[in-house]
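Hi there,

Here is the structure I promised to pass on to you. Have a look at it first, and then read my notes below with the model open beside you.

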Amino acid sequence: MAKKVVRVHFIDKSCKAVAIDSNTTAADLREMVIEKIGLKEDACFSLFEKKDEWERCLEPDEKPVDVMASWDKEKDKKKSTEEYMFMFKKKIFLKDDDREMEDPAAKDLIYKQAQHSVISSEYPCTVDDAIRLAGLQFQIVYGDHNPQFHVPKFLLPSLKDFVPKTLFSLKKPNEWEALILAKHETLVGKDPEDAKSEYLNIVKQWAYYGTTFYPPCKSVGNKLPSKYVIIGINYEGIRLLKKNKDLISEHLFTEICSWASSSGTFAFEFGNQNESQKYTFETKQGAIIASTIQTYIDILVQMLKNGEDEDDESESTTTTQSDG
């Protein structure tokens, strides 16, 4: 059977080339990528189809060859030059990720994804935190401060890769560079892996860490202070935000009664048995949002079940010891 080489991209713009055929499923391709990068703790990572801001997680039984054929048809139909790609990244962020942090490959992927979210301003950031993080990033990329090389103008060509997009205009480039170099100089002797850990520990304290944000969508008939709303999903629930990422409201999974999607909408109902309210939004990402919510719910239910099973085993052991 004829093989086709497909490139799977990562958040840092690197990629891996993999040979597949018409029978290869998305689950197969995902396993190939996992093996290539030596990823051990892979449960929360997924394969995505992506174009610009639009992306969706592939279903395990989908055939990547068929997905690529649909890209070609789309390009021919729209005479489009937009590039579709397969991307491998972390999909699910749980509070307890100690096992991932012990896996160097997982930790590196999570660090790079966090760094991308900081630099793109997906995660809002203060100037002080931006300087701390840039210093750590510099240490990870270039190692210890070297007064011969790490001098003014060294960082200027790549400065936008170190400073969050929405903060960049707040200072002159040479001011940003001086602050970052000064911070970097204080990190002499810090191992790059320790620098990654410190970077992640800072970002994990932020309210929006681990939240998947979807492009602004129109609020339909909802009593909200903003006509267009960003929907964010994390392990706790649904967040609604203004375009500038100011929080409008937060809805925990324990308060959400139901959710639904169509090709052009997403809606969810929240409250309790006596009183509930429904929000509806116009978005082409409705099915993707609903799928992400379902994934988190499934994981949380499984975690709850595992906890109950452990409690039952503990009680059984205690009873046996008492009988003895």
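Let's start with helix 2, which covers residues 64–78 and so has 15 residues in it by definition of its count. From the first C-alpha to the last, helix 2 reaches 21 Å, close to the 21 Å expected at 1.5 Å a residue. Please keep in mind that this is a predicted model.

Which residues of helix 2 are buried? They are Pro64, Val67, Met68 and Trp71. Looking down the axis of helix 2, you will find these buried residues within an arc of 100 degrees, so they line one face of the helix. The general rule behind this is worth remembering: an α-helix has 3.6 residues a turn, so residues three or four places apart point the same way. On the other side of helix 2, you can pick out Lys73, Asp76 and Lys77, which are exposed.

And what do the buried residues of helix 2 pack against? Their partners are helix 1 (26–37) and five strands, namely strand 1 (4–9), strand 2 (15–20), strand 3 (45–51), strand 4 (54–57) and strand 5 (85–90).

Next, please turn the model to the sheet. It is an open sheet of 7 strands with antiparallel pairing, and the strand order is 9-8-7-6-12-11-10. Its edge strands are strand 9 (247–252) and strand 10 (256–261), each of which pairs on one side only. From one strand to the next, the twist averages 30 degrees.

The end of the sheet with strands 10, 11 and 12 is a nice place to practise reading strand pairs. Strand 10 and strand 11 form a hairpin with 3 residues between them, and they pair in the antiparallel sense over 5 bridges. A second hairpin joins strand 11 to strand 12 through 4 residues. Here strand 11 (residues 265–271) and strand 12 (residues 276–282) are antiparallel too, with 7 bridges.

Which residue of strand 11 stands opposite tryptophan 259? It is phenylalanine 268. Phenylalanine 268 also stands opposite tyrosine 279 in strand 12, so try following the row from tryptophan 259 through phenylalanine 268 to tyrosine 279. Another pair to look for is phenylalanine 266, whose bridge partner in strand 12 is phenylalanine 281.

Now for some single residues in the loops. Histidine 150 sits in the loop between helix 5 (127–142) and helix 6 (173–185). Is histidine 150 buried or exposed? Its relative accessibility is 8%, so histidine 150 counts as buried. Leaving aside residues up to four places away in sequence, histidine 150 touches Phe138, Tyr142, Asp144, His145, Leu181 and His184.

Two other loop residues caught my eye for their backbone angles. Serine 121 is in the loop between helix 4 (104–119) and helix 5, and its phi is near 65 degrees, a positive value in a residue other than glycine. Serine 121 counts as buried because its relative accessibility is 12%, and the cut-off for buried is under 20%.

Lysine 245 belongs to the loop between strand 8 (237–241) and strand 9. Although lysine 245 is not a glycine, its phi is positive, at about 75 degrees. Lysine 245 is also buried, with a relative accessible area of 13%.

Happy exploring, and do write back with any questions!

Best wishes

Conventions. Residues are numbered from 1 along each chain as its sequence is written. This is a predicted model: local features need pLDDT of at least 70, side-chain atom pairs count only at pLDDT 80 or more; totals for chains, interfaces and linings use all residues. Side-chain values use heavy atoms; hydrogens and water are left out. Buried means under 20% relative accessible area, exposed over 50%, partly exposed in between (1.4 Å probe, protein chains only). Contact means heavy atoms within 4.5 Å. The expected span of a helix is 1.5 Å times one less than its number of residues. The arc is that of the directions from the helix axis to the C-beta atoms. Two strands pair if DSSP finds at least two bridges between them. Axes are lines fitted to C-alpha atoms, for helices over the stretch in contact, and angles run from 0 to 180 degrees between N-to-C directions.
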